[in-house]
Amino acid sequence: MSETIVVLDFGSQYSQLIARRIRECSVYSKIMPYYTPADKIKAENPKGIILSGGPSSVYADGAPKCDPKLFELGVPVLGICYGLQLMVHLLGGRIARGKAREYGKAMLSIAGHSALFDSLSGEIQVWMSHGDKVAEMPACGYEILGSSGNTEFCAVKFKGHDFYGIQFHPEVVHTPQGKVIIANFCKHICKCVGDWTMKSFIDESVKAIREKVGASNVILGLSGGVDSSVAAALIHKAIGRQLTCIFVNNGLLRKNEAEKVRDLFGRNFSMQLVYIDATDRFLDKLAGVSEPEKKRKIIGNEFVRVFDDASAKIENAQFLAQGTTYPDVIESVPIDGNPAAMIKSHHNVGGLPKDMKFKLLEPLSRLFKDEVREVGRQLGLPEDVVMRQPFPGPGLAVRHLGAVSRETLAILQDADAIVVDEVKKAGLYYSTWQTFAVFLPIRSVGVMGDERTYDYVIALRAVESTDGMTADWSRLPYELLGVISNRIINEVTGVNRVVYDITSKPPGTIEWE
């Protein structure tokens with residue numbers, strides 16, 4: 001790449017978001033582990049370096065530290081949160097525990113004019129997530145670019161260098177001007193022109209897939225969702241009929257989903273498609289299992305077992321392709337050995353058996369959902385496929401709290417179908433990140449037809465997001481919520497109460513399990 005910004009990952013849940021914001025500036029970004037030697041970073045010929053946030057304290061035993069020689073490479077450096085604190089620590093300053101942990105929205109007062117805050121002035125909203133803060137800047141000199149009520153050195157420039165540090169997170173959507181700040185760093189400070197496009201990503205991916213696969217065949221689990229559909233299109237572009245798509249009906253799909261997927265891909269795509277109805281196989285394995293992680297592991301393992309059976313009929317099938325995206329990975333396992341904390345496992349990264357005979361092919365594993373959608377558009381996929389709301393790999397199992405039975409699963413499928421139907425009728429489906437129903441394994445007292453009922457509860461979940469890493473609950477119109485609730489209670493046998501989830505992410509997650 002002619003222009004590269006290197007992001008050193010110190011274990012932040014948001015590291016890939018930083019890279020994504022850089023790519024939105026049409027600048028190529030590459031994430032490297034925090035311990036990468038300076039000479040290896042230099043070999044990337046970076047125009048700039050960003051140090052990510054992270055969960056550690058710079059004084060903690062084993063705290064991740066970068067190679068100090070990277071500050072001698074002669075390129076601009078921006079430290080974010082932990083990255084700022086580490087820069088201060090390594091350059092001779094002092095970090096201390098704050099009087100209070102600062103988490104969530106805060107106001108940053110911008111001091112004067114600087115390249116980092118070009119076009120910005122006054123007060124702007126930022127997103128904080130830290131317990132430590134800068135207590136004393138290094139003796140090399142500094143300039144305060146911005147302060148918050150709790151943090152004097154909230155944005156700084158180290159004098160004599162193009163080194164900048166900010167205590168807040170510009171990469172998350174809750175810092176509304178964060179894109180401007182990152183663009184200023186890329187364009188004004190690092191002097192990037194911005195010549196990287198999604199077409200470049202597709203071209204590079206096609207080349208990489210061909211080199212990795214060679215003459216082998218690939219099988220892909222096609223669900224009809226955005227991720228698997230785009231992965232299929234990208235891999236098909238690279239290797240054509242070496243790809244066989246296998247659509248497994250695990251019984252945990254949305255109502256009538258199996259028929260829709262078979263019709264869509266049978267009609268519109270020239271890919272080889274094998275359909276397997278494994279409903280009984282999955283539901284029998286899940287019988288009586290209520291622990292969320294165990295359900296995910298069972299689904300992941302059984303998913304691969306089904307593929308083992310199907311692949312026996314496909315000659316030279318050596319690769320299992322998946323539509324894994326970065327949010328699947330960042331919430332599940334450390335990347336490149338970084339100290340990221342595990343939140344939950346996804347079936348397509350945490351639930352695969354160790355004895356799986358396939359090699360994994362995951363061409364979308366460094367992309368966020370909006371980037372995946374753009375790749376789909378570039379590959380010519382229909383808009384109704386590209387703009388489908390995200391649907392979890394384990395399906396309705398993670399939207400059904402407690403043990404899954406055929407009876408309660410049918411209740412959830414019927415309720416969920418009503419939610420999707422009404423949201424589409426209201427014209428809000430494509431403008432909302434996700435809208436769905438959740439089955440709660442609790443009963444409550446109700447009155448229907450002058451008779452006492454004791455039936456299940458359905459929770460409605462609707463969130464606004466741009467990347468799935470953070471999300472706010474949707475303020476759906478009361479009239480719409482009323483129609484959905486009324487239909488569910490009247491049309492779905494076994495439900496007498498509907499509630500609405502108004503929890504944002506964080507502190508909650510989008511899915512309930």
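So, helix H5: in this predicted model, H5 lies across strand E10, residues 217-221, and also across E13 and E14. Against E14, H5 runs at about 170 degrees. Helix H9, residues 292-311, packs on the sheet as well, where H9 touches E10, strand E11 at 243-249, E12 and E13. The direction of H9 makes about 140 degrees with that of E10.

Now the sheet itself. It's an open sheet of five strands, and if you trace across it the order goes E12-E11-E10-E13-E14, with parallel pairing. Which strands sit at the edges? Those are E12, residues 272-277, and E14, residues 359-361, and each of them pairs on one side only. From one strand to the next, the twist averages 30 degrees.

Let's stay with E13 for a moment, residues 317-321. On one pairing, E13 is joined to E14 by three bridges, and the two run parallel. You can pick out the partners by eye: Leu 320 stands opposite Leu 360 in E14, and Phe 319 stands opposite Lys 359, again in E14. E13 also pairs with E10, in the parallel sense, over four bridges. There, Leu 220 has Ala 321 of E13 as its bridge partner. As for how covered E13 is, the answer is mostly: four of its five residues are buried.

Back to H5, since it has another neighbour. The axes of H5, residues 198-213, and helix H12, residues 369-378, come within 10 Å and cross at roughly 80 degrees. So H5 is roughly perpendicular to H12. Who makes the contact? From H5 you have Met 198, Lys 199, Phe 201 and Ile 202, and from H12 there's Glu 371, Glu 374, Val 375 and Gln 378. Sort that contact by class and you get four nonpolar residues, one polar and three charged.

H12 deserves a look on its own. Its buried residues are Lys 369, Glu 371, Val 372, Arg 373, Val 375 and Gly 376, and yes, that list has charged side chains in it. What do the buried residues of H12 pack against? They pack against helix H1 at 15-24, H5, helix H6 at 226-239 and helix H13 at 383-386. Just after H12 you'll find Gly 380, with a positive phi of about 85 degrees.

Next stop, strand E9, residues 163-166. Phe 163 and Gly 165 point one way, Tyr 164 and Ile 166 point the other way, and all of them are buried. That fits the general pattern, where side chains in a regular strand alternate between the two faces of the sheet. E9 pairs with strand E4, residues 77-80, in the parallel sense over four bridges, and Leu 78 has Tyr 164 of E9 as its bridge partner. E9 is also joined to strand E8, residues 155-158, by four bridges, and those two run antiparallel. Phe 158 stands opposite Phe 163 in that pairing. E8 and E9 form a hairpin with four residues between the strands, and in it Gly 160 takes a positive phi near 85 degrees.

One more residue to click on: Ile 484, in helix H15, residues 478-491. Is it buried or exposed? Ile 484 is buried, with a relative accessible area of 1%. Setting aside neighbours within four places in sequence, Ile 484 is in contact with Ile 418, Val 419, Glu 422, Val 423 and Leu 460. Take Val 423: it's 61 residues from Ile 484 along the chain, yet their C-alpha atoms are separated by 8.6 Å.

Last thing, confidence. The protein chain averages a pLDDT of 88, and 92% of the residues score at least 70. Where is confidence highest, and where is it lowest? Strand E3, residues 48-51, is highest at 98, while helix H11, residues 347-350, is lowest at a mean of 44. Over residues 342-347 the pLDDT is below 50, although that stretch has 29 contacts in the model beyond near neighbours in sequence. Where pLDDT is low, the predicted coordinates should not be read in detail.

Notes
Residues numbered from 1 in each chain as written. Heavy atoms only, no water. pLDDT = per-residue confidence, 0-100. Contact = heavy atoms within 4.5 Å. Axes fitted to C-alpha atoms, helices over the stretch in contact; angles between N-to-C directions. Parallel < 35°, antiparallel > 145°, perpendicular 65-115°, else oblique. Buried < 20%, exposed > 50% of the residue type's maximum accessible area, 1.4 Å probe, protein only. Pairing = 2+ DSSP bridges.
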